[in-house]
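Please look over the sequence and the three-dimensional view below before reading on. The paragraphs that follow begin with the whole chain and then turn to single parts of it.

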Amino acid sequence: TSVIAFFAMFLSPFIRMILPKYADGVIILKLLLINTALRTFPLYQIFILGSPAVNKQKYINMAMVAAGVFNVIVSVFLVKQGYGILGVVIATVLAHIIMAIFYILAAEKYYQDTRDKRFYAKISMPILMLAFFLLVQRVDPSLSVRNFLFNFVMAVGMMGVVFFVFKKESAEIYNKLAGLVI
C-alpha cells in the first residue's frame with residue numbers, strides 16, 4: 001500500500017498541470033494517501049482481535065467509536081479555526097493513527113511470539129516515510145525538470161528503503177507475483 005501511495009504522491013504535482021482548478025486539493029490527496037496506508041497498517045491486528053479464538057470484537061468497536069468521536073470533535077475545532085476540508089482530513093488521519101496504535105497494543109498479547117521494539121519501528125516506518133515525502137516533495141505550478149527529478153529520486157529512494165526494510169516480505173510477494181505471470 002505504501003509503495004502505491006508513494007507512486008500516487010509522486011504523480012500528484014501533475015494535477016496542477018492537468019486540472020489546475022483542483023491544484024489546492026493536492027495536499028488533501030496526499031493526506032488521504034497516507035490515510036489509506038494507515039488503514040491497511042493494523043489489518044492483521046484487527047483480524048487477531050476479531051478472530052473467534054480471541055473474540056475481542058468489542059475492542060475493535062470501542063476503538064472505532066472513540067476514534068469517530070475524536071474525529072468529529074477535532075474536525076469541528078479545525079473547521080472553526082478556518083482549515084475547512086483540510087482540517088477534516090487532518091482529524092481523520094489523526095483518528096486513524098490513534099486507532100492503529102490502539103489495535104497494535106490491544107493485539108500484542110495475542111501474538112504467537114513476542115515482538116521487540118524494532119517490530120513497531122519497522123511497521124510504522126512506511127507511514128513515517130510517506131509523511132516525510134509529503135513534507136519534502138517539491139510541488140510548483142510549472143513542475144520544472146529539476147523538481148521532477150528531485151521528486152523522482154526521493155520517491156524511488158524512499159520506496160527502495162521500504163523494500164529494503166521489508167526485503168523478506170517483498171521477496172515473498174515478488175515470488176508469488178512472478179509465479180502468477182510465468
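The accessible surface of the protein chain comes to about 11,600 Å², and 71% of that area belongs to carbon and sulfur atoms. What you are looking at is a predicted model, and the C-alpha trace of the protein chain spans about 55 × 50 × 30 Å along its principal axes. Of the 182 residues in the protein chain, 36% are buried.

As you follow the chain from its beginning, you meet nine helices and zero strands, which gives the pattern α-α-α-α-α-α-α-α-α along the sequence. Contacts show how parts of this chain meet one another: among those between residues at least 6 apart in sequence, 71% join residues that are at least 24 apart. The chain also carries 17 positive and 7 negative charges, and the mean positions of these two groups are 5 Å apart.

Since the model is predicted, it is worth asking how confident the predictor is in its parts. The mean pLDDT of the protein chain is 83, and 94% of its residues reach 70 or more. Among the elements, helix H9, residues 167–181, has the lowest mean pLDDT, at 74, while helix H5, residues 57–80, has the highest, at 92. As a general caution, predicted coordinates should not be read in detail where pLDDT is low.

Let us now turn to helix H5. This helix has 24 residues and reaches 35 Å from its first C-alpha to its last, which is close to the 34 Å expected at 1.5 Å a residue. The buried residues of H5 are Ile60, Ala63, Ala67, Asn71, Val74, Ser75 and Leu78. An α-helix has 3.6 residues a turn, so residues three or four places apart point the same way. With that in mind, you can trace the buried residues of H5 in the structure and see what they meet, for they pack against helix H4, residues 43–50, and helix H6, residues 84–107. Just after H5 comes Gly82, which takes a positive phi of about 100°.

Helix H6 offers a closer view of one residue, since Ile98 has its place there. Is Ile98 buried, partly exposed or exposed? Ile98 is partly exposed because its relative accessible area is 42%, and a residue counts as partly exposed when that value lies between the 20% cut-off for buried and the 50% cut-off for exposed. Ile98 and Ala67 are 31 residues apart in sequence, and their C-alpha atoms are 7.0 Å apart in space. Ala67 is one of the buried residues of H5.

Methods:
Residues are numbered from 1 along each chain as its sequence is written. This is a predicted model: local features need pLDDT of at least 70, side-chain atom pairs count only at pLDDT 80 or more; totals for chains, interfaces and linings use all residues. Side-chain values use heavy atoms; hydrogens and water are left out. Helices (H or I, at least four residues) and strands (E, at least two) are DSSP runs, numbered from the N terminus. Buried means under 20% relative accessible area, exposed over 50%, partly exposed in between (1.4 Å probe, protein chains only). Contact means heavy atoms within 4.5 Å. Accessible areas come from the Shrake-Rupley method with a 1.4 Å probe; for residues, only the protein chains shown count as cover. Lys and Arg count as positive and Asp and Glu as negative; His and the chain ends are not counted. The place of a charge is taken as NZ of Lys, CZ of Arg, CG of Asp or CD of Glu. pLDDT is the predictor's confidence in each residue, from 0 to 100. The expected span of a helix is 1.5 Å times one less than its number of residues.
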